[in-house]
Amino acid sequence: MKRIVVLGSTGSIGTNALEIVKSSEDRFEIVGLSGHKNYKLLIEQIKEFQPKYVSIGSEEGYKLIRREFPNLELYFGDRGLKELALKENYDILLTAISGAVGIEATVEGIKKGKRIALANKETMVAAGPYINRLLKENPKAEIIPVDSEHSAIFQSLLGGRKNEVKKLIITASGGTFRGRKKEELQDVSIEEALKHPNWSMGKKITIDSSTLVNKGLEVIEAHELFGISYDDIEVVVHPQSIIHSMVEFKDKSIIAQLGVPDMKLPIQYAFTYPERKENSILEGLDFTKVTNLTFEKPDHETFKGIKLAFKAGRIGKTMPVVLNAANEVAVELFLKGRIKFLTIYEIIEKAMERHIPLENDGIDIIKRVDLETREWVYSNYEV
C-alpha cells in the first residue's frame, strides 16, 4: 500500500486524486491533507480519509478543525505545507496547490527521497535548475508529472531513448477565447474567461489557459523536466484535447498519448508508475465518437503567453521566476475585477523588462525575486 500526502486536497486535482484513492481497493492510504480556505470540504475529507496530519490556510478553518478534531496533528498556513512534506511516513507527495507556494514543500519532499506527483507547474518554472540539482543529490527521489501534457510526454518518452528525441510537441486546447482577436478581448468579463470548453479546473489555471500563459509555463516546465532544448519544443493548438502531447523521434516516428480530457488518468499513473492499474471510474475513449482531430498554430500576437514564456526561458536564471510571479498577481487582480484581461500581458512584459536576471541557485534567491516582483505589481496596479 502506498501512503500519500495530498497538498491541495480541496482543489480540482486534489478532489480527483481522492476519488482515485477511494476507488482503488486499498492500494493507497491518505496520511496527510492540506486545504486553503475551503475548510468545510476539508472537514468532510478528514472524516472520510482519517489522515494523521492536516494543514489549513485560514484561521477560521484552523479553529473549527482544532475544535472538531482535538487529537489531529494540525498545521496552519504556508509553513503547514512544508511540515507535511517533512514527515517520514509517506511514499508520495501530490503537490496539487497552485502557485509558487508549493515550491518549498516539493524541496522538502525531494530531500526526504519521496516520489513527487507534480501538479504544481510553478515549481519547475520558478525553481527548475535548483530542483534538478536536488534530484541529483537525492537519487531516491523522483518527479512523476501530473499535468496532462507532461504526463503524456513522460509516457511517450518511454518509447525511445533521450538521444533519439527530435522534439516535444505540446498540445493546447486554445483556451476559452480561441479564435478571437485582440480587439475582441478588450472588455471580456471574468465569467467569460472562466468558461473553459474542455477542462474543469481551478480559477487561476483556467485564466492561465485563456491567456495561453499556462501553455507557456508548460514549455518551461517541459524544458526543465525532460532536459530538452527550447529549440526542440513546439506548441500546437488541438481544440478537442484528445491528444495530450506527443514526442517526435529522429526517425520521424511520433508517439502520442491519447485519452478523454480527465485528470484522473495522469493522477493515477503518477501514483502507480511504473505499473498501470485498472481505472474503474474513468470513462474510456470511444473512437467511434471521435469525429475530428484538428491542429492549428497558436495566435502569438493576440495570446502572448507562449511567446513571453519562451523569452523568459531562453534568458533563464531568475527570469522565469519573474514571469511566474507577475502572472500570478496579474491573474489575482483580474479575478478581483481590478484590471482588464489584456492587462495581464502588460504586467508580465513590464515586470520582465525591469528585471536584471540573477543566478537561480537556491530557494532564498527564488523567494526574494518572487516577493520583489509581486510587490512591484501590487504597487503599480493595485487599485
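A residue counts as buried here when its relative accessible area is under 20%. Keep that cut-off in mind for the legends below, which all show close-ups of a predicted model.

**Figure 1. Helix α9 is mostly covered.** Of the nine residues in α9, seven are buried. They are Lys204, Thr206, Ile207, Asp208, Ser209, Ser210 and Thr211. The cover over these buried residues includes α6 (121-137), α8 (190-193), α10, α12, α13 and α14. Right after the helix comes Leu212, with a positive phi of about 65 degrees.

**Figure 2. Helices α9 and α13 cross.** Two packed helices are described by the angle between their axes and the distance between the axes. For α9 (residues 203-211) and α13 (residues 319-335), the angle is about 105 degrees and the axes are 10 Å apart. That makes α9 roughly perpendicular to α13. On the α9 side, the contact uses Lys203, Lys204, Ile207 and Asp208, and α13 brings in Asn327, Glu328, Val331, Phe334 and Leu335. Sort the residues of this contact by type and you get four nonpolar, one polar and four charged.

**Figure 3. The buried side of helix α12.** Zooming in on α12 (residues 305-315), we find Gly305, Ile306, Leu308, Ala309, Phe310, Ala312 and Gly313 buried. What do the buried residues of α12 pack against? Their partners are α9, α10, β9 (233-237), α13 and α14 (343-354). Gly316 follows α12 and has a positive phi, near 75 degrees.

**Figure 4. Three annotated residues gather at one spot.** The unreviewed UniProt entry lists Asp147, Glu149 and Glu218 under "binding site". The three span 72 residues in sequence, yet no two of their C-alpha atoms are more than 8.7 Å apart, so they gather at one spot. Asp147 sits in the loop that runs between β7 (142-145) and α7 (148-157), while Glu218 belongs to helix α10 (residues 213-226). Are Asp147 and Glu218 buried or exposed? Asp147 is buried, at a relative accessible area of 7%, and Glu218 is buried too, at 1%.

**Figure 5. Who touches Asp147 and Glu218.** Leaving out residues up to four places away in sequence, Asp147 touches Leu118, Ala119, Lys121, Glu218, Glu221 and Met263. With Lys121 there is also a polar contact, side chain to side chain, at 3.0 Å. Counting neighbours in that way, Glu218 touches Lys121, Asp147, Glu149, His150 and Ile170. Lys121 therefore turns up in the list for Asp147 and in the list for Glu218.**Figure 6. Ser245 in strand β10.** Strand β10 (residues 243-249) holds Ser245, which is buried, with a relative accessible area of 0%. A polar atom of the Ser245 side chain lies 3.3 Å from the backbone nitrogen of Thr171. Setting aside neighbours within four places in sequence, Ser245 is in contact with Glu149, Ala152, Ile153, Ser156, Ile169, Ile170, Thr171, Ile255, Ala256 and Gln257. One of these, Glu149, is among the residues that UniProt lists for "binding site".

**Figure 7. Asn279 in its loop.** Here the view moves to the loop between α11 (264-272) and α12, where Asn279 is found. Asn279 is buried, with a relative accessible area of 17%. Which side chain makes a polar contact with the side chain of Asn279? It is that of Gln268, at 3.4 Å. The Asn279 side chain also reaches the backbone nitrogen of Ile281, at 3.2 Å. Not counting neighbours within four places in sequence, Asn279 is in contact with Ile20, Lys264 and Gln268.

**Figure 8. Val329 and the annotated C-terminal domain.** UniProt's unreviewed entry gives residues 258-375 the annotation "domain: DXP reductoisomerase C-terminal". The span is 53% helix and 1% strand, and its end C-alpha atoms lie 41 Å apart. Val329 has its place in helix α13 and is buried, with a relative accessible area of 0%. Beyond residues up to four places away in sequence, Val329 touches Arg374, Val377 and Tyr378. Arg180 is 149 residues from Val329 in sequence, and the two C-alpha atoms are 24 Å apart in space.

Definitions and conventions. Residues numbered from 1 in each chain as written. Predicted model: local features only at pLDDT ≥ 70, side-chain atom pairs only at ≥ 80, totals over all residues. Heavy atoms only, no water. UniProt positions renumbered as here; feature names shortened; annotations may be inferred. Helix = DSSP H or I, 4+ residues; strand = E, 2+ residues; numbered from the N terminus. Buried < 20%, exposed > 50% of the residue type's maximum accessible area, 1.4 Å probe, protein only. Contact = heavy atoms within 4.5 Å. Polar contact = N/O pair within 3.5 Å; in protein donor to acceptor, adjacent residues only side chain to side chain. Axes fitted to C-alpha atoms, helices over the stretch in contact; angles between N-to-C directions. Parallel < 35°, antiparallel > 145°, perpendicular 65-115°, else oblique. Nonpolar A, V, L, I, M, F, W, Y, C, P; charged D, E, K, R; others polar.
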